[in-house]
Amino acid sequence: MAVNPFQHADSASSVSGPPSGGDYLADSIFRIIALSCAALIVVLILYILWEIGGLALPAMAQHGLSFVSGTTWNVGTQEFGVLPEIWGTLYSSFLALILGGTFGVAIAIFLTQDFIHARLAAVFRTIVELLAAIPSVVYGLWGIYVVIPMLRPVAEWLHSELGFIPIFGTELSGPGMAPAALVLAIMILPTVAAITVDAFRRIPYKVKEAAYGMGTTRWEAILKVMLPTASSGILAALVLGFGRALGETMALAMLIGNSNQINLSLFAPANTLASLLASSFPEAGQIEVQALMYAAVVLLLITLIVNIVGLGIQQYTVRKFEGKT
Amino acid sequence: MSDIDLTSRPQESQRLSLERRPFELRALTSGVLTGLTWGIAILGSIPLFSVIIMLVAEGGARLDIEALTALPPAGFEMGGGFANAIIGTLVMVAIATAISVPIGLLAAIYLAILDPHSPLAGTSRFVAKTLTGFPSILAGVFTYAVLVINFGYSAVAGGVALAVLMLPTVVLAAEESMKQVPKKMTDAAYGMGCTRSQVIWKVVLPTGLPGILTGVMLAVAGAAGESAPLLFTALFSNYFMSELMEPTASLSILIYNFSSMPFDNQIELAWAASLVLVLIVLVFNILARLIGQSKV
């Protein structure tokens, strides 16, 4: 009666068996390939810094910090300074953030705080997502032929009536800061809205129920409970939206007027780092390319810092809520 | 024990009213803010409709067989089209997909399954997230420094620049989708004696496929619309491409170049090209949605 119940398991006809040496080998090779691909992403960003930094090195050595504080960009005399571009980048992004941030957060509140039926909310969400899907050049084209003509009478009126205020100090002669910032605001709205919606979704539903249970109106619940609770997530949304605005290129290159000047006026043409690269790079000679690489390093550092700060706040938010619930 | 008499009722004058009065300040504030939010939501969707109307009106009027099959016109020439730019865009997006999807997928496998908590995975994930906010023009500058300086302007360089931008989207979407695969399915496969790579190839990838494809489609849609990275990697060309190592036309650069020209014909073509570009982007977006809906 000593029949081994497992005998059939290692009979020659059985398909089961421990993994063969080949299986082990394939497994570890696969693991190494996957690991190197994951490492590649980290290497990629270092390589990007290395390559751009390497080409910018001659310009860095030559111009030093005066590159960041200089205000002229003249290939003939080899004077390169990007202060107007840094100013234009920060100013346009800041204006876009005020407008796009307000709209983005308001739309996120609209979508998440039971203002509309879920099906209608899905329609609005699709609209916001499509806003993000439209290519930058198409926004640029739309800006040239729709936004600028639309803004011109408004700008004229503001300049003639309120011209003594510096931000309305010049006339809008075509491309300029205002149309660029307006289009930029539309482009960062989806980013801000999406991350803010996510921040609101992370708040446990019972928080809102508790507020309503105490007899708050909907807006008291939103302003006194939901917004403070979601505040770090909203901050992350704004910072990441700002980062998006800093690096935006084509629409700005088409709308901002590419003029090297520092002007508070909303209607004056200006320039940004990214649009300087876009407009000067294709025709640049050896020396100018080095200076442009330096400008690229400046842009890279600004956006990396802003993005890392934004992501840091976002991760902090996620941890905060995962700890609580 | 306490002095408070729980049975006594407050005086009629002291009792708080639970009645909602429509003209009370807090109710009014609520109403005004609600109206404001509706206004903002509607105002915020106006640009999309304006863009669509302009595209259909201006671009639709010019979009004909000639626009889709002819080469771009020079200066004062009438007619013409942007066939080479459509081909160029599709070829470069295909190159970018061929580079970024395998690398992104393998990286995502490592991040989601092989070693999700290792320091490398953490760093890699953070870098991928940082790269999603990476200015697209810098991808162009990078590719210029690596490829264009040595090999000249080409479709391959354009494809590499787009791949840098697609990579983080693919990685993060694929990782997210593989993490959604139920643990019992992988446990069952391990229990049957599968090796790790067998579990990944035969269980995790097929199950996570819809999510992965959604991510890939969204990345493709994004790359198709990009123009900044192509400006000085693929440059532009007025002719059909004959090989991959030569300057190549793309829809987005054509729109950029034509938008600033003083000729009506070119501007009309820019609108028509925008319409085609938006349609291409939308097709991939819709595909992403359709595939995403079939998720488990």
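Here's a quick briefing on how two chains, A and B, sit together and what stands out in each. Keep in mind that this is a predicted model. Chain B touches chain A through 67 of its residues, which meet 69 residues of chain A. UniProt puts an "ABC transmembrane type-1" domain on chain A at residues 86-310 and on chain B at residues 86-288, from unreviewed entries in both cases.

**The A/B interface**

- On chain B's side of the interface, helices H1, H3, H4, H5, H6, H8, H9 and H10 each put in at least two residues.
- The top contributor there is H1(B), with 16 residues.
- Sorted by class, chain B's side has 43 nonpolar, 21 polar and three charged residues.

**A helix pair across the interface: H1(A) and H4(B)**

- H1(A), spanning residues 21-63, packs on H4(B) at about 50°, and the axes are 8 Å apart.
- Angles of 35 to 65 degrees fall outside the parallel and perpendicular classes, so H1(A) is oblique to H4(B).
- The handedness of this crossing is left-handed.
- H1(A) brings Ala38(A), Ala39(A), Ile41(A), Val42(A) and Ile45(A) to the contact, while H4(B) brings Leu120(B), Ala121(B), Thr123(B), Ser124(B), Val127(B), Ala128(B) and Leu131(B).
- A helix makes a turn every 3.6 residues, so positions three or four apart point the same way.
- By class, this contact comes to ten nonpolar residues, two polar and no charged.

**A helix pair inside chain A: H4(A) and H6(A)**

- H4(A) (residues 118-133) and H6(A) (residues 177-202) cross at about 130°, again with axes 8 Å apart.
- That angle makes H4(A) oblique to H6(A).
- Their crossing is left-handed.
- From H4(A) the contact uses Val128(A), Glu129(A), Leu131(A) and Ala132(A), and from H6(A) it uses Ile186(A), Leu189(A), Pro190(A) and Ala193(A).
- The contact has seven nonpolar residues, one charged and no polar.

**Annotated spans**

- Over residues 86-310, chain A is 77% helix and 0% strand, and the C-alpha atoms at the two ends are 20 Å apart.
- Over residues 86-288, chain B is 77% helix and 0% strand, with its end C-alpha atoms 21 Å apart.
- UniProt (unreviewed entry) also lists transmembrane regions in chain A at residues 29-50, 90-111, 123-148, 180-200, 221-242 and 291-313.
- The 29-50 span of chain A is 100% helix and 0% strand, and its end C-alpha atoms lie 29 Å apart.
- For residues 90-111 of chain A, the span is 100% helix and 0% strand, with 30 Å between the end C-alpha atoms.

**Burial and odd backbone spots in chain A**

- H10(A), residues 273-280, is largely enclosed by the rest of the structure, because six of its eight residues are buried.
- Those buried residues are Leu273(A), Ala274(A), Ser275(A), Leu276(A), Leu277(A) and Ala278(A).
- Asn258(A) isn't a glycine, yet its phi is positive at about 45°.
- Asn258(A) sits in the loop between H9 (250-255) and H10 of chain A, and it counts as buried because 20 other C-beta atoms lie within 10 Å.
- Gln78(A) is another non-glycine residue with a positive phi, near 55°.
- Gln78(A) belongs to the loop between strands E1 (73-74) and E2 (79-80) of chain A, and with 11 C-beta neighbours inside 10 Å it counts as exposed.

Terms used
Residues numbered from 1 in each chain as written. Chains lettered and ligands numbered in written order. Predicted model: local features only at pLDDT ≥ 70, side-chain atom pairs only at ≥ 80, totals over all residues. Axes fitted to C-alpha atoms, helices over the stretch in contact; angles between N-to-C directions. Helix = DSSP H or I, 4+ residues; strand = E, 2+ residues; numbered from the N terminus. Parallel < 35°, antiparallel > 145°, perpendicular 65-115°, else oblique. Left-handed = near helix turned anticlockwise from the far one by under 90°. Contact = placed C-beta atoms within 7 Å. Nonpolar A, V, L, I, M, F, W, Y, C, P; charged D, E, K, R; others polar. UniProt positions renumbered as here; feature names shortened; annotations may be inferred. Buried ≥ 20, exposed ≤ 12 C-beta atoms within 10 Å, placed from the backbone.
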